[in-house]
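Morning, everyone. I'll walk you through one model today, starting with a single helix and working outwards. Please have a look at it first.

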Amino acid sequence: METSVGAMKPQKPEPLEPQQLVARLDLLSAQLAFLVEKQRKQDEMLSELAPVLKQVMATATTRLDELEKKGYFAFGKEALGVAQRVVEAYSAEDVRLLGNAVVGIVDTLRALTQPEVLEIAGQASEVLMHADTAEPVGIFGMVRATRDDEVQRGMAVMLGLLKHVGRGARAISERKGGSSGTARPVLRLEANAGGTSGRALGIQRAPAAPAERRAPACAAAPSKPAVATTVIDGVEFAADGHMVDATAWTRALGENIARLHAVVLTEEHWKIVEFARAEFLETKASPNIRRITQGTGITTKALYTLFPRAPARTVAKIAGTPKPVGCL
Amino acid sequence: MTTIATSPRKVAIICSHGGLDEVYPALILANAARQSDIEAMIFFTFWGLDAITESKVDHLHMNLAGNAANTMPTVIAGLPGMESMAAKMMLKQMAELDIPGVREMLKILEESGADLYACELAMKMFKREKTDLIPEVKGVITAGDFYDLSVGAQIIFT
């Protein structure tokens, strides 16, 4: 200002013309008016903006609040916690194993996400979405439903699925049950055979037990001697009291055994014992009561009189043959 | 009978049904008991009486209708003659296995020392006399008598 004042100084001595003065004043007032107007506009804008800003701030605050309410922040915090727990709970070994399984997982995922599979899944999910409106169906309803072609197809698919699930379960159980080396090829063989061999009424029968493990038939050959045996005077007896080796029998031995069973052998007794021995040597089975009565012509009553306690068994013991089998 | 008294075990079998397939289990169980030196008695009551009735013992039928183990539809199984036909088939199969008939089984049982008893109340209900029964029957007894006779026995109901 000083410079301008200084600059104006030389003009100062010259008095301004009234017109010039008026023009200057005009200019000044115009400038002033502009400034005033500008200030007024700013004020206005500010006053207008204030509610908008307030609104913006309020909205922002509620948004954040909502997010908090919706649990975004809590979720974030929890997620961190989960990560922490995962690290604590699983060892590096576990993670390595998971890495090994990733190929399998990806393969499974790829198989499951084939368009055909997804289409079926989509169809199925539609039904599940309307599950709340489904009508209850009884056993007759089920039977009726099986007449539907699509249901039949679906059943076939489900049965196939079940079959494979079962096959997998069996493979796992056999692998766990040891001898994994042999169990799996056998399984594959059965799968190739289609399981048609052992099938009856659509039910897969368990494979027959090996012959030696099957229970002996009712009237089978002499039962195997019991494991526990007793040796009396050089003669081996099974736990059931019968001689283990029928060929080691002698008449004298028979008499001794009879005495042990409180039986004094008479001619009648010997007739029965000899018949029993002959029968055993011929059929490899000790005769039962009916066989003895039919073979010797003795009555049941007489037989029970000769050998009062369990006749067929007592006769077999005295004759040095195994315990008779069968129910009669 | 003196030997039976020394036996350590005893069974008392109650036979309450008269079907061929319902009588045999009682007879076979009793017979097996005697063969194993076990004292045995059979108490025939209600339809079981038919098994020891002279006029019925040889004509016992097999109950097909209402038998869940029978694969024949009940509608067909209930037709006249079906039961006797089934009984004939069963008897044939038993003969092939050399299983004695009911009358012969009862005789064997009596001879082997098993006691056969008829139920007094059932006898009255069916209007039967002791003379209507087969000779192997030892006596007609009441339920109370049955308990007296079966002291110490294992009781089997068929």
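One definition before we start. A residue is called buried if 20 or more other C-beta atoms lie within 10 Å of its own. Keep in mind that this is a predicted model.

Now find helix 13 of chain A, residues 311–319. How many of its residues are buried? The count is 9 of 9, so the helix is largely enclosed by the rest of the structure. Here is the list for helix 13 of chain A. It starts with A:Pro311, A:Ala312 and A:Arg313. Then come A:Thr314, A:Val315 and A:Ala316. A:Lys317, A:Ile318 and A:Ala319 complete it. Notice that A:Arg313 and A:Lys317 are on that buried list too.

What covers these buried residues? From chain A, the cover includes helix 9 (251–260), helix 10 (267–283), helix 11 (289–296) and helix 12 (300–306). Helix 2 of chain B is also part of the cover. Just after helix 13 of chain A comes A:Gly320. Its phi is positive, near 75 degrees.

Let's step back to chain A as a whole. Chain A has 13 helices and 4 strands. Buried residues make up 12% of its 328 residues. Now take contacts in chain A between residues at least 6 apart in sequence. Of those, 49% join residues at least 24 apart.

Next, where the chains meet. The contact takes 13 residues from chain B and 12 residues from chain A. On the chain B side, helix 2 (20–35) and helix 5 (102–111) each supply at least two residues. Helix 2 of chain B gives the most, with 4 residues. What kinds of residue are on that side of chain B? They divide into 4 nonpolar, 6 polar and 3 charged.

Last topic: the cores. The largest nonpolar core has 38 residues. B:Ile42, B:Phe44 and B:Ile52 touch the most other members. Strand 1 (10–15), helix 2, strand 2 (39–44), helix 5 and strand 3 (115–119) of chain B each supply at least two residues of this core. Its largest share, 6 residues, comes from helix 2 of chain B.

There is also a second, separate core of 19 residues. Its members include A:Ile272, A:Ala276, A:Phe280 and A:Val315. We have already met A:Val315, among the buried residues of helix 13 of chain A.

Let me finish with B:Phe44. Leaving aside neighbours within four places in sequence, B:Phe44 is in contact with several residues, among them B:Cys15, B:Leu49, B:Ile52 and B:Leu116.

Definitions and conventions
Residues numbered from 1 in each chain as written. Chains lettered and ligands numbered in written order. Predicted model: local features only at pLDDT ≥ 70, side-chain atom pairs only at ≥ 80, totals over all residues. Contact = placed C-beta atoms within 7 Å. Nonpolar A, V, L, I, M, F, W, Y, C, P; charged D, E, K, R; others polar. Core = buried A, V, L, I, M, F, W, Y, C linked by C-beta atoms within 7 Å.
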